[in-house]
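This briefing covers a predicted model. The points below are grouped by topic and are best read with the structure open.

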Amino acid sequence: EQFVGPTGVAIGSDGGIWGTDPQRSRVLGFDAGGALKGIVQQGVGANEKGRIYRPEGVAVGENGHIYIADFGRDAVTEFTADNAFVREWEVPRPLQVSERGGRIAVSTIYGVALFDTDGNLITKWGTRGKADDQFDIAHGVVIGADGTVYVSDTQNARVKAYKQDGTMLWKSGVSSEASKSAEASGQPVFQLPSGMTIDGKGRLVLVDPFEFAIVVLDPTNGHEIARYGEFGEKDGAFIYPTAIAYDAKRDWFVVADTSNNRLQVVRIPGSGGDLTATVRRALVGPVWFC
């Protein structure tokens, strides 16, 4: 149950935690207490149908199936939780994947593609570049409760929000270099915004590997609310975190703490959606490491 540089993480409705182990061509599953519960595609990776070669991102669908963004095979691959292959479809250079409401959003080097749960393309948008409507390695994507698609435009140091037809709603972010000369009001400072999730309050929460931080954004405009974390190996610290997922039932986050070779379970203030979440937060025990 050891990781080597995990880059993706997802949480199922049962609290199960799934993390990608790209260098060993597999996805590991744990229960909410951190005990190993399963492995998707154990063994040597292969560039062939029904296999995993370099899994970067992972999502757990509402049906409990595991969707894997396989960067090495240019495909999204679907498995059941007990490692049975279901289907796959071609997506050039996929990085992260998110499923909600019968829609699957996949972020890539070039942009975003939206599919139904059978792998049929609905729409796609973006080309590689620096312009407002372009992307340069989109290493994070999540679908909000209202259907909004949020994307980390990683190498461009910005985050963007879209309608599901590809219409941009807002873009947010100032690079750390640009912030030295001009600070945009309310705009977060990013180095490499990466994986993202939605918390119980509906806030957009992402990780920035070069800031070694969890960053909380207002989902209506992308303005920064708070940030947490620091560089290091101790509890609550990170070394190049790449992905994050949220468990609403337990009001906690799981972070793919990539260069610490671990998944880390953490909490931040104000993430619960209601009184029930507050009670669960009080009843569920302290952090665990997978």
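Strand β24 (residues 252-257) pairs with β25 in the antiparallel sense, over five bridges. Within this pairing, F253 has V266 of β25 as its bridge partner. All of this concerns a predicted model.

**The sheet with β24**

- The strand order is β23-β24-β25 in an open sheet of three strands, and the pairing is antiparallel.
- β23 (241-247) and β25 (262-266) are the edge strands, each pairing on one side only.
- On average, neighbouring strands of this sheet are turned by 20 degrees against each other, with direction ignored.

**The sheet from β5 to β8**

- Four strands in the order β5-β6-β7-β8 make up an open sheet with antiparallel pairing.
- The edges are taken by β5 and β8 (85-90), each with a single partner strand, so one side of each is left without a neighbour in the sheet.
- Here the average turn between neighbouring strands is 20 degrees, direction ignored.
- Strand β7 (residues 75-79) pairs with β8 in the antiparallel sense over five bridges.
- V76 has W89 in β8 as its bridge partner.

**Strand β15 and its two partners**

- Five of the five residues of β15 are buried, so the strand is largely enclosed by the rest of the structure.
- R158, K160 and Y162 point one way from β15, while V159 and A161 point the other way.
- Buried here means under 20% relative accessible area, and the residues on both faces of β15 meet that description, the charged R158 and K160 among them.
- Strand β14 (residues 149-153) and β15 are paired in the antiparallel sense over five bridges, and V149 has Y162 as its bridge partner in β15.
- The hairpin of β14 and β15 has four residues between the strands, and A157 takes a positive phi near 55 degrees there.
- β15 also pairs in the antiparallel sense with strand β16 (residues 168-172), over four bridges, and A161 has W170 as its bridge partner in β16.
- The hairpin of β15 and β16 has five residues between the strands, and G166 takes a positive phi near 90 degrees there.

**Aromatic rings and charges**

- The count of aromatic pairs comes to eleven.
- One of them is the tilted pair of F135 and Y162, at 6.0 Å centre to centre with 40 degrees between the planes.
- This pair links distant parts of the chain: F135 is in the loop between β12 (121-125) and β13 (140-143), Y162 is in strand β15 (residues 158-162), and the two are 27 residues apart.
- F135 and Y162 are both buried.
- The ring of F135 also has the charged end of K160 over it, 3.9 Å from the ring centre.
- R93 lies over the face of F71, at 5.3 Å from the ring centre.
- One aromatic cluster is formed by F210, F212, F231 and Y240.

**The largest pocket**

- The volume of the largest pocket is about 890 Å³.
- It is lined by 38 residues, of which I11, E99, R100, T197 and Y246 are the closest to its centre.
- At least two lining residues come from each of β1 (9-11), β5 (55-60), β9 (94-100), β13, β19 (196-198) and β23.
- Two of these contributors also appear in the sheets above: β5 is an edge strand of the sheet of four, and β23 is an edge strand of the sheet of three.

Definitions and conventions:
Residues are numbered from 1 along each chain as its sequence is written. This is a predicted model: local features need pLDDT of at least 70, side-chain atom pairs count only at pLDDT 80 or more; totals for chains, interfaces and linings use all residues. Side-chain values use heavy atoms; hydrogens and water are left out. Two strands pair if DSSP finds at least two bridges between them. Axes are lines fitted to C-alpha atoms, for helices over the stretch in contact, and angles run from 0 to 180 degrees between N-to-C directions. Rings of Phe, Tyr and Trp (its six-membered ring) pair if their centres lie within 6.5 Å; planes under 30 degrees apart count as stacked, over 60 as edge-to-face and the rest as tilted. Buried means under 20% relative accessible area, exposed over 50%, partly exposed in between (1.4 Å probe, protein chains only). A charge sits over a ring if NZ of Lys or CZ of Arg is within 6 Å of the ring centre and within 35 degrees of the ring normal. On a 1 Å grid over the protein atoms alone, a cavity is a set of points where a 1.4 Å probe fits but cannot get out, and a pocket is an open set with protein on both sides within 12 Å along at least five of seven lines; lining residues have an atom within 4 Å of a point. Grid points are joined across faces, edges and corners, and a volume is the space filled by probe spheres set on the points.
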